[in-house]
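Dear colleague,

Please find below the structure that I am handing over to you. My notes on its charged and polar side chains follow directly after it.

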Amino acid sequence: MRPTLTLRHYTHDLIAHSHDHAQLVFGLAGRLDFEVEGIGGEICPQGVMVLPFSAHHACGSPQGSHCLVLDVPDEQWMVQSLGEHADASRRLLDRPARVSLDSRQGQLVNWLASGALDDPLIAQQGAVLLLATLNGQPPAHTGARRLPYGAFNAHIDQHAAYPLQVADLARLADMSVARLHARFVAECGLTPMDYIRNRRLHMARGLLRDSHLPIGEIAARVAMPRKVRLPPPCCASSAARPEPCADSTTGASPAIKPAIPTTDTQAPGALDWMPARTLF
């Protein structure tokens, strides 16, 4: 997905929906009333509303309004395009917020709104400039939440003997599968399925160390193929850490696969990504 910059006109008709990508709505003229995940606000000229990935939002403009809307691609695009600014932009887009622009930022928004927005190069570079300049303006709500790893572990432990779905973890985190995958990669360098497999290995090592169960029984309890070789108990302390996301001091992570399955019984690449829906 590429970034897009579009001019939108809003009316009194109420719009309520969500989408898998993040969005920034810059006020140009009039007033646009917003509610994002229970947080209300209004967008006027020199203001911008931050809509995080998958955030449900509603908006309407009783008197009419014009806005410049930036559709932000996934986090991979941010890393590739923003470089050292990527982390700050990720924090900005992690929570809904209303941000006020300074005069120079307002001039940039107005210049882009009056330019050739259908030019892909202008849209690409304009998106980079807008995100980079907004990094210096902290949103009203800061302190991004980390993923609920405790809830993930409890769910995996409870259902370890059965096939596990990434969608189940996504529901626990209250986000889409695509967003969950991006957050896992961003926070700890693992896909959700890598995390599930590491948790299974952690459970298997514990059973191997603390019980006298045969290997086949242990494999059945954690739903792992019997051909997987488990390390002996004496090597458990030197084995790869099972929960790299839970500790920021974790060492190197395994290589990230380009695509993930929705369950741990499917072949890699089986995930069907949902296309981004048309906004507003």
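In this predicted model, the side chains of Arg8 and Asp71 form a salt bridge, with an N to O distance of 3.6 Å. The pair joins distant parts of the chain, since Arg8 belongs to strand 1 (residues 4-10) and Asp71 to strand 8 (residues 65-72), 63 residues apart. Arg8 has a relative accessibility of 15% and therefore counts as buried, the cut-off for that class being under 20%. Asp71 is likewise buried, because its relative accessible area is 7%.

Asp71 also has a polar partner. Its side chain is in polar contact with the side chain of Gln23, at 2.9 Å. Gln23 is part of strand 3 (residues 22-30). With a relative accessibility of 0%, Gln23 counts as buried. Asp71 thus takes part both in the salt bridge with Arg8 and in the polar contact with Gln23.

As general background, side chains of opposite charge can pair when their charged atoms come close. In this model, the number of salt bridges comes to 9, and two further examples are described below.

One of them lies in helix 2 (residues 86-92), where Arg90 and Asp87 are 3 residues apart and so are separated by about one helical turn. Their side chains meet in a salt bridge of 2.6 Å, N to O. The two partners fall into separate accessibility classes: Arg90 is buried, because its relative accessible area is 18%, under the 20% cut-off. Asp87, with a relative accessible area of 43%, is partly exposed.

The other example is the salt bridge between Asp33 and Arg31, whose closest N and O atoms are 3.1 Å apart. Asp33 is partly exposed, its relative accessible area being 25%. Arg31 is also partly exposed, at a relative accessible area of 39%. This pair does not stand alone, as Arg31 and Asp33 are linked with Glu42 in a network of salt bridges.

When you inspect the structure, you may wish to view the pairs in turn: Arg8 with Asp71, both of them buried; Arg90 with Asp87, within helix 2; and Arg31 with Asp33, both of them partly exposed.

With kind regards

Notes. Residues are numbered from 1 along each chain as its sequence is written. This is a predicted model: local features need pLDDT of at least 70, side-chain atom pairs count only at pLDDT 80 or more; totals for chains, interfaces and linings use all residues. Side-chain values use heavy atoms; hydrogens and water are left out. Helices (H or I, at least four residues) and strands (E, at least two) are DSSP runs, numbered from the N terminus. Buried means under 20% relative accessible area, exposed over 50%, partly exposed in between (1.4 Å probe, protein chains only). A polar contact is a pair of N or O atoms within 3.5 Å; within protein, one must be able to donate a hydrogen and the other to accept it, and residues adjacent in sequence count only if both atoms are side-chain atoms. A salt bridge is a side-chain nitrogen of Lys or Arg within 4 Å of a carboxyl oxygen of Asp or Glu.
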